[in-house]
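Here is a short set of exercises to work through with the coordinates loaded in your viewer. Try each task on your own before you read its solution.

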Amino acid sequence: MDLNGDELPEVRDDELTLSPAEPLDDADRAVLTHLSEVAGRLDPMPDDLVERSLFAATLAGLEAEMMQAVHVSEPLAGVRSATVPADGVPTEARTISFTHGDLTLMIQLSAERAGRIRVDGWIAVPTPSCTVELHRPGVAPETTEADEDGRFSFPAVASGAASLIVRRPQADGGAVSTPVIEL
Amino acid sequence: MTRRCDAPSARESHDAPGSTLGERAAHALLAYREGRTDRLDAVVREVTPLLWATVRAQGVGRDEAADIVQNTWVQLVKHADRIEEPRAVLKWLLTTARRAAWDAARNERAVAARRTDLPEDHRQHAALHDAAPQPDAQVLTKERDRILWKAFATLSERCRELLHLVALADRPDYRMISAAVGMPVGSIGATRGRCLAKLRTELDRMGGGAWI
């Protein structure tokens, strides 16, 4: 498809490049600035993507293996929060599962009073002696122990980005973390 | 502008006025390896829009694209000590994101094909590959914007990707960006930006050439 008629020679793939040898002029820059602006309006990057990326990079520095999200369910009709808020309005719960090797983590998120989120989790693993950490951007992590059935909870977490880290003894697989999730 | 993006000299510190995005990223990675993690934050802020554009250009949905971008940074941190060419870390980031996006787009197509095993599949595949979304009248209200997008849409997919990334970067590294989108800098005599020249020719033709 050559829409330029005779104005440009046929474009070859190995020449489709900008060469530093001939710097951009002002008109080039004006076109590129406009392009960036229009493309940004047509497909805006999510506002929180930079913050989420920074947080994910920080978590990755903790050297826990990343779990995979199995399924993010829509709010389930009929599944209600374990704790009904004081104002009596029933809230729907959201369930997310993650896996890594022989470990499965399921969490249920439900709305608490004052915009807080309750996180109830269950770890299915042969040796469920795990410490669970809840990390959020810019604050110290909260820590709890899973019980003998692998259950744990964080009763009132502020909304926003978060990640859970499950720590097992090194012999049982070491630490694994969820991707960043939105509470 | 330096032509030695693969080997910044010692006097070019990470924040030197003349440093390219590729050099800033390289210095941040080297600092990170030495335990100074703060410089990486600035690079995450600067490069994330490029990663987003790259992943979206492969036809990946918004939510999955966000996950892929995030995971690209995770991969960088995990491999920080093992990246063979720290000087080319910008290219590494773009390539990593692009490959993950290909995989995701292929999986999406496979799922779509299983769901609708119909002859129209070919058209659906083509739609997934279309990296230049149709202008939305609600978004592009100005004639000037519509002309630009129309001219942009006449370019090849690779040209669109290259120009988009170059447009997003402050003092971009053409070599790394070109290489990452599969257009390695060519031989001697490679002329200045054929993609950009073509875009400007189209703009002139459509009457949108007065840009300054």
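Keep in mind that this is a predicted model.

**Exercise 1. Find the helix that holds B:R160, and decide whether this residue is buried or exposed.**

Step 1: Locate the residue. B:R160 sits in helix α7 of chain B.

Step 2: Check the accessibility. The cut-off for buried is under 20% relative accessible area. B:R160 comes out at 10%, so it counts as buried.

Step 3: Look for a partner that is far off in sequence. B:A57 is 103 residues away along the chain, yet the two C-alpha atoms are 8.8 Å apart in space. B:A57 is itself one of the buried residues of α2(B), and that helix is up next.

**Exercise 2. Describe the geometry of α2(B) and work out what covers its buried residues.**

Step 1: Get the span. Helix α2 of chain B takes in residues 38-57, 20 residues in total, and reaches 30 Å from first C-alpha to last. At 1.5 Å a residue you'd expect 28 Å, so the value is close, given that the expected span uses one less than the number of residues.

Step 2: Look for a bend. There is one of about 40° at B:V47, and the proline B:P49 follows within four residues.

Step 3: List the buried residues. Among them are B:L40, B:V43, B:V44, B:V47, B:L51 and B:W52.

Step 4: Ask what lies over them. The cover includes α2 (49-60) of chain A, along with α1, α3, α4, α7 and α8 of chain B.

Step 5: See what comes after the helix. α2(B) is followed by B:G59, which has a positive phi near 85°.

**Exercise 3. Identify the residues with the most contacts inside the largest nonpolar core, and the element that gives the most to this core.**

Step 1: Take the core as a whole. It has 75 residues, and those with the most contacts inside it are B:W73, B:L163 and B:L199.

Step 2: Sort by element. α2(B) gives the most to this core, with 9 residues.

Step 3: Zoom in on B:L199. Leaving out residues up to four places away in sequence, B:L199 touches A:V31 as well as B:L148, B:A151, B:F152, B:L155 and B:L163.

Step 4: Look for another core. A second, separate one of 24 residues includes A:L105, A:F154, A:A162 and A:L183.

**Exercise 4. Search all chains for disulfides and work out the handedness of what you find.**

Step 1: Run the search. The whole structure has 1 disulfide, which joins B:C159 to B:C195 with an S to S distance of 2.1 Å.

Step 2: Compute the torsion. About the S-S bond it is about -80°, so the disulfide is left-handed.

Step 3: Place the two ends. B:C159 is in helix α7 of chain B and B:C195 in helix α9 (residues 194-205) of chain B, so the pair ties together parts 36 residues apart in sequence.

Step 4: Check burial. B:C159 counts as buried at 2% relative accessibility, and B:C195 is buried too, at 1%.

**Exercise 5. Trace the strand pairing in chain A, starting from β4(A) and then from β6(A).**

Step 1: Get the overview. Chain A comes to 2 helices and 11 strands.

Step 2: Start at β4(A). Residues 103-111 form this strand, which pairs antiparallel with β5(A) (residues 117-124) over 8 bridges. Within the pair, A:S110 stands opposite A:R118. The two strands make a hairpin with 5 residues between them, and A:A114 in the turn has a positive phi of about 55°.

Step 3: Move on from β5(A). This strand also pairs antiparallel with β8(A) (residues 151-157) over 5 bridges, where A:I117 has A:V157 as its bridge partner.

Step 4: Now take β6(A). Residues 131-136 pair antiparallel with β7(A) (residues 139-145) over 5 bridges, and A:R136 is partnered with A:V139. This hairpin has 2 residues between its strands, with A:G138 in the turn at a positive phi of about 75°.

Step 5: Check the other partner of β6(A). Another 5 bridges join β6(A) to β9(A) (residues 161-167), again antiparallel, with A:L134 matched to A:L164.

**Exercise 6. Decide whether A:T178 is buried or exposed, and list what it touches.**

Step 1: Place it. A:T178 is in the loop between β10 and β11 of chain A.

Step 2: Check the area. The relative accessible area is 0%, so A:T178 is buried.

Step 3: List the contacts. Not counting residues up to four places away in sequence, A:T178 touches A:M66, A:M67, A:F98, A:L105, A:S163 and A:L164. You've met two of these names before: A:L105 is in the second core, and A:L164 is the bridge partner of A:L134.

Terms used. Residues numbered from 1 in each chain as written. Chains lettered and ligands numbered in written order. Predicted model: local features only at pLDDT ≥ 70, side-chain atom pairs only at ≥ 80, totals over all residues. Heavy atoms only, no water. Bend = angle between axes of the 7 residues up to and from the residue. Buried < 20%, exposed > 50% of the residue type's maximum accessible area, 1.4 Å probe, protein only. Contact = heavy atoms within 4.5 Å. Core = buried A, V, L, I, M, F, W, Y, C linked by side-chain atoms within 4.5 Å. Pairing = 2+ DSSP bridges. Disulfide = S-S within 2.5 Å.
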